[in-house]
Structure formats: structure tokens, C-alpha cells
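Biologist: I am new to this structure. Please pick one part, look at it closely, and then show me what surrounds it.

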Amino acid sequence: MTERQVGRRAVLSGSVFEEEIGYARAVVDGDWVHVSGTTGFDYAAMTISEDVVEQAEQCLRNVGAALEAAGSSFAEVVRVRYLLPERADFEPCWPVLRRYCGQVRPAATMMVCGLADPRMKIEIEVYARRGNGTCV
């Protein structure tokens, strides 16, 4: 480990994408947790729902698992990005998003863009601090 990487560690979810592409679900860097764009795949089964709301729920379960493994939680999220191929799919997800982030009210951005796999309807990326909050 280099001097620059002290205090830095990768958090892996077991997703085949992490190995195939060469990234980590999250990176802990000191007090910060950077969670990669996370989709609605159930990584244990490598399945994904066709429903965008169900995908949003699974995205947030995946993000929550990464945050927990990194020593953080949704209570410590400071920034979230929502990426969707279809703008009309965003509003149906709001109740799920509010349930996970509504109390914290992180800075947020929604972007309409293509995702890596046509089955993916939403991808969520977060930045969080570590060590001060409690899990949802």
C-alpha cells in the first residue's frame, strides 16, 4: 500500500461487474465513503426486476449494504445522484427515495442518460461521511 492509500480501502459487493470492469462498490477514503453508481441488480442472484420502483428499492438496499460495510449509513449521506434513461420513471421512485434519504436531505441531482445494460432503469451514486449517524 502506498503512502497515499493509507486510510483508503475498497468495499466489494460480490457483483460480477466489479471484477469484469475493475472497480469497487465503494471506496472508503478517510472519513469519506464514495459509493459507485449502483443499479437494481440483486447481486446474489444476478437478477433485476423489470419495474423501476422495485429497481430503486434494490439499488438502495445495495447502497445501504455498501455504506454499512464502510462504517456509514444513509444518515450520513451528503450527496446523491440519480441516473435514469427515462425521465418519466423518476417520479414513481420518489416515495422510495424519500424513505431512505428524506430525513437527511442530501444534495441531489437527477440526470437522464443511458445506462450500461438496457434492463437497468435507475442507477444511484452516493457520497457519505463515516462514524456519526445511525442506519435507517
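Modeller: Start with a term. A helix here is a DSSP run of H or I with at least four residues, and helices are numbered from the N terminus. Keep in mind that this is a predicted model. The part to look at is helix H2, residues 52-69.

Begin with a pair of charged residues. Glutamate 57 and arginine 61 both sit in helix H2. Four residues separate them, about one turn of the helix. Their side chains make a salt bridge, with the closest N and O atoms 3.8 Å apart. How exposed is each partner? Glutamate 57 has a relative accessible area of 17%, under the 20% cut-off, so this residue counts as buried. Arginine 61 reaches 42% and is partly exposed.

Now go to glutamine 55, also in helix H2. Glutamine 55 is buried, and its relative accessible area is 0%. What does glutamine 55 touch beyond its sequence neighbours? Leaving out residues up to four places away, the contacts are Gly40, Ile48, Ser49, Glu50, Arg119, Met120, Lys121 and Ile122.

Follow one of those contacts, Arg119. Arginine 119 makes a salt bridge with aspartate 117, and here the closest N and O atoms are 2.7 Å apart. Arginine 119 is partly exposed at 45%, whereas aspartate 117 is buried at 14%. Shared partners also link salt bridges into a network, which joins Glu57, Arg61 and Arg99. The structure holds six salt bridges. One of them pairs arginine 25 with glutamate 18, at 3.6 Å from N to O. Arginine 25 is buried, with a relative accessible area of 1%. Glutamate 18 is buried too, at 6%.

Next comes the core. In soluble globular proteins, nonpolar side chains tend to be buried together. In this model, the largest nonpolar core has 28 residues. Leu67 and Ile124 touch the most other members. Strand E2 (26-29), E3, H2, E6, H3 and strand E8 (123-129) each give two or more residues to this core. Which element gives the largest share? That is H2, with seven residues. Look at isoleucine 124 more closely. Its contacts include Ala56, Cys59, Leu60 and Val63, and also Val80, Tyr82 and Leu97. Apart from the largest core lies another, of seven residues. Among its members are Ile48, Leu83, Leu115 and Met120. Ile48 and Met120 are also among the contacts of glutamine 55.

Now the pockets. The largest has a volume of about 250 Å³. Its lining includes Val80, Tyr82, Trp94, Leu97 and Arg105. Strand E6 (77-84) and H3 each give two or more residues to that lining. H3 gives the largest share, five residues. By class, the lining has eight nonpolar, one polar and two charged residues.

The second largest pocket holds about 170 Å³ of space. Its lining has 13 residues, and Phe17, Tyr23, Thr39, Met120 and Glu123 lie nearest its centre. Met120 thus appears again, after its contact with glutamine 55. Helix H1 (16-22) and strand E3 (32-39) each supply at least two lining residues. E3 gives the most, with four. Six of the lining residues are nonpolar, four are polar and three are charged.

Finish with two backbone points. Most residues other than glycine have a negative phi. Which way does phi go at methionine 46, positive or negative? Its phi is positive, near 55 degrees. Methionine 46 lies in the loop between strand E4 (41-42) and strand E5 (47-48). This residue is partly exposed, at 26%. Arginine 105 also has a positive phi, of about 50 degrees, although it is not a glycine. Arginine 105 sits in the loop between helix H3 (90-101) and strand E7 (107-112). With a relative accessible area of 71%, arginine 105 is exposed. Arginine 105 also helps to line the largest pocket.

Key: Residues are numbered from 1 along each chain as its sequence is written. This is a predicted model: local features need pLDDT of at least 70, side-chain atom pairs count only at pLDDT 80 or more; totals for chains, interfaces and linings use all residues. Side-chain values use heavy atoms; hydrogens and water are left out. Buried means under 20% relative accessible area, exposed over 50%, partly exposed in between (1.4 Å probe, protein chains only). Contact means heavy atoms within 4.5 Å. A salt bridge is a side-chain nitrogen of Lys or Arg within 4 Å of a carboxyl oxygen of Asp or Glu. On a 1 Å grid over the protein atoms alone, a cavity is a set of points where a 1.4 Å probe fits but cannot get out, and a pocket is an open set with protein on both sides within 12 Å along at least five of seven lines; lining residues have an atom within 4 Å of a point. Grid points are joined across faces, edges and corners, and a volume is the space filled by probe spheres set on the points. Ala, Val, Leu, Ile, Met, Phe, Trp, Tyr, Cys and Pro count as nonpolar, Asp, Glu, Lys and Arg as charged, and the others, Gly among them, as polar. A nonpolar core is a set of buried Ala, Val, Leu, Ile, Met, Phe, Trp, Tyr and Cys residues joined through side-chain atoms within 4.5 Å.
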